[in-house]
Amino acid sequence: MVNGSAGTAGGDVVHGFPHLETVRAAITALYRRISPEGLYAYAPAVSPADVAFADTDDLHLGAHRVAGALVRQLRLPEARIIVGFRPMEHAASVELAAGPEYFIELNDRFRTHRRDIGAALAHEITHVLLHRLDLAFPGTRDNEILTDTATTYLGAGWLLLDAYREDALSSQKLGYLTPEEFGYVLAKRARVFGEDPSPWFTSPQAYRAYERGRAEALHDEVRPPLAAAGWAGRRRYARDRRRYAQGDASAGTPQAAGYAFEGEATGAGGPGGGAAGTGRAGPAGHAEGAMRVSFPCPTCRQRVRVPVRGRVRARCGLCRTVLECDT
């Protein structure tokens, strides 16, 4: 059995982006394991109508209906689904068996919190998918972050964000990501699939978290050396490029700026001095030792390498997104 969908009730909800690097690594892992074409099969996201659960619905019949919709969303084989309820420490657990059946147990509290059953089921059924894809991260924490990220990027995780509610007296959150990190992944998916998830939220707190996550996701698309970078970012990039060309190997690092320079600058001061380069993402035919810059693709987070030679159009080798760069 795998326990998942850890929830908080009545405690403090962690906010911000403390797991962002693991989340980004999880997005890259999905592109590598499933492929861009395979990911497009997960459009559109699961419909709110398909996972709605009214208080008047029969508990077991409703849970099986919602689980079936999520199995179809996650492109798993149709099979017998068994959903049970029992007292447990975690929100839910799933049996990762070799057979086609799905055995899922939910915390007894979902008997009276039925609107969140879909969120708990989405996380557990994604565990099944990742198990069958043989995709995992080392360590329980990182593997659960991978599961939350995959649930959201594959079109079922908006339910986990919508389960987040917080007021002066109480709070609730399902999943291992913060609300803002769920919003970040959801916004990443929305950009790729052309979706607007905002009408799906019943929780106003979830909508605000999505907006904060969306702002962080959009920031990925305006970082240097992308041509859409803002004035401040371009100025910092130009300073780091100049320092690297003058022999300062610490200028521009993935940790500090996201981009990293490599190779040898053939002129004084970067592209204006005649630097050229080669790389898998940029034009070929230049000196092997010339100056290059690498940076994460804003879509899949795979690192892209391009020559430092002014305006360059690059194509990510993983997700094949075309990127306009000003190096």
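Here is a short chat about a predicted model of a protein chain.

Colleague: How many helices and strands does the protein chain have?
Modeller: Keep in mind that the model is predicted. Going by its secondary structure, the protein chain comes to 10 helices and 12 strands.

Colleague: Is strand β9 mostly covered or exposed, and how many of its residues are buried?
Modeller: Strand β9 covers residues 292-296. On one side, Arg292, Ser294 and Pro296 are buried, and on the other side so are Val293 and Phe295. Both faces are covered, and the count of buried residues in β9 is five of five.

Colleague: Which strand forms a hairpin with β9?
Modeller: β9 has antiparallel links to two strands we can look at here: three bridges join it to β8 (residues 260-262), and five bridges join it to β10 (residues 303-307). In the β8 pairing, Glu262 stands opposite Arg292, while Phe295 stands opposite Val304 on the β10 side. With six residues in between, the hairpin partner of β9 is β10.

Colleague: Which residue in the turn of that hairpin has a positive phi?
Modeller: The turn belongs to the hairpin of β9 and β10. A phi of about 75° is found there, at Arg301.

Colleague: How much space lies in the largest cavity?
Modeller: The count comes to one cavity of 30 Å³ or more. Its lining includes Phe295 and Pro296, along with Arg301. By class, seven lining residues are nonpolar, one is polar and three are charged. The space in the largest cavity is about 70 Å³.

Methods. Residues numbered from 1 in each chain as written. Predicted model: local features only at pLDDT ≥ 70, side-chain atom pairs only at ≥ 80, totals over all residues. Heavy atoms only, no water. Helix = DSSP H or I, 4+ residues; strand = E, 2+ residues; numbered from the N terminus. 1 Å grid on protein atoms, 1.4 Å probe; cavity = no way out; pocket = protein on both sides within 12 Å on 5 of 7 lines; lining within 4 Å. Points joined across faces, edges and corners; volume = space filled by probe spheres on them. Nonpolar A, V, L, I, M, F, W, Y, C, P; charged D, E, K, R; others polar. Buried < 20%, exposed > 50% of the residue type's maximum accessible area, 1.4 Å probe, protein only. Pairing = 2+ DSSP bridges.
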